[in-house]
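Here are some notes to read beside the model. Please keep the sequence and the 3D view open while going through the points.

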Amino acid sequence: MKMNIKKKIISKLQSMLFKIRLAVSGKLGMPVQTSLERRMYRTILDGYIGCDKKLNVFEWGSGLSTVYYAKYLKKNNIDVEWDAVDNNKMWHHRVLQMLKSNNLDNQVTAHLREFPPFWEKEGWGEIPPPRGVFCPKLEAELEYVNMPNILNKKFDIIFVDARFRRHCIEVVKQVLAPNGIIVMHDAQKPHYHVGLEEFSNRKFYKGGAWFPLQDLPNQVWVGSMDNTQVFENLKSFEGGDDGKV
């Protein structure tokens, strides 16, 4: 009984601290990432400075990170065509406003495929849920996952940071450009690891804790079929390994 009470108290504190940190990040216009992760992402993008072709970027889960890193690319004169998709209508409209106010709406296209989050679905509770129970079934969910194919493009960088990650990973294999890379945030969650071993080059990087009392420290996973230079650029961030380069 005492253990259950303790768990409930810790859980409430975690939730409170997470919401506080989220509110602060929103006010500052910062991604929901640790400072180490932001440096990691900027290092990845720095590898494209001086690139003589337009960079095609896709992102599952638009938001503060979309604005932050699109601004970073613009500041460094990296020509980019960025597509991002989200499933929440209210948040989508907020992202559109942020893009417009930062003069990024000509570089970033925000797409919407609206469907309820998994925690509002009947039967939610166990994490991770049994495989297949909460897989994409609605038309909007299927289009959300398959958006890169709908756009009929090949992408140089793909960010995975939202819903149905295991299914998104399968789509990545179909739309990744030669020498393209995939970057997954919150990669510390084991149920996101299905299919990652199919990428010839892959590594986990420690990102640290984003808020106090966080259960598992953040990890970032980077994968590619044939790009090894990105891993050389990230040498100073190495702290975990899953596979070979």
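1. In which helix does Gly26 have its place? Gly26 sits in helix 1. Keep in mind throughout that this is a predicted model.

2. Is Gly26 buried, partly exposed or exposed? Its relative accessibility is 24%, so Gly26 counts as partly exposed. The cut-off that matters here is 20%, under which a residue would be called buried.

3. Gly26 can also be placed against a residue from further along the chain. Leu64 is 38 residues away from Gly26 along the chain, and the C-alpha atoms of the two are separated by 7.4 Å.

4. Now turn to Gln33. This residue belongs to the loop that runs between helix 1 (2-28) and helix 2 (35-46). Gln33 counts as buried because its relative accessibility is 3%.

5. Which residues does Gln33 touch, once neighbours within four places in sequence are left aside? The contacts of Gln33 are then Arg21, Arg38, Tyr41, Tyr69, His185 and Trp210.

6. Gln33 also helps to line the largest cavity. The other lining residues are Tyr41, Glu59, Ser65, Tyr69, Trp82, Phe159 and Asp161. Tyr41 and Tyr69 appear in this lining, and both are in contact with Gln33 as well.

7. What is the make-up of that lining by class? Four of the residues lining the largest cavity are nonpolar, two are polar and two are charged.

8. On cavities in general, the count is one of 30 Å³ or more. The space in the largest cavity is about 50 Å³.

Technical notes: Residues are numbered from 1 along each chain as its sequence is written. This is a predicted model: local features need pLDDT of at least 70, side-chain atom pairs count only at pLDDT 80 or more; totals for chains, interfaces and linings use all residues. Side-chain values use heavy atoms; hydrogens and water are left out. On a 1 Å grid over the protein atoms alone, a cavity is a set of points where a 1.4 Å probe fits but cannot get out, and a pocket is an open set with protein on both sides within 12 Å along at least five of seven lines; lining residues have an atom within 4 Å of a point. Grid points are joined across faces, edges and corners, and a volume is the space filled by probe spheres set on the points. Ala, Val, Leu, Ile, Met, Phe, Trp, Tyr, Cys and Pro count as nonpolar, Asp, Glu, Lys and Arg as charged, and the others, Gly among them, as polar. Helices (H or I, at least four residues) and strands (E, at least two) are DSSP runs, numbered from the N terminus. Buried means under 20% relative accessible area, exposed over 50%, partly exposed in between (1.4 Å probe, protein chains only). Contact means heavy atoms within 4.5 Å.
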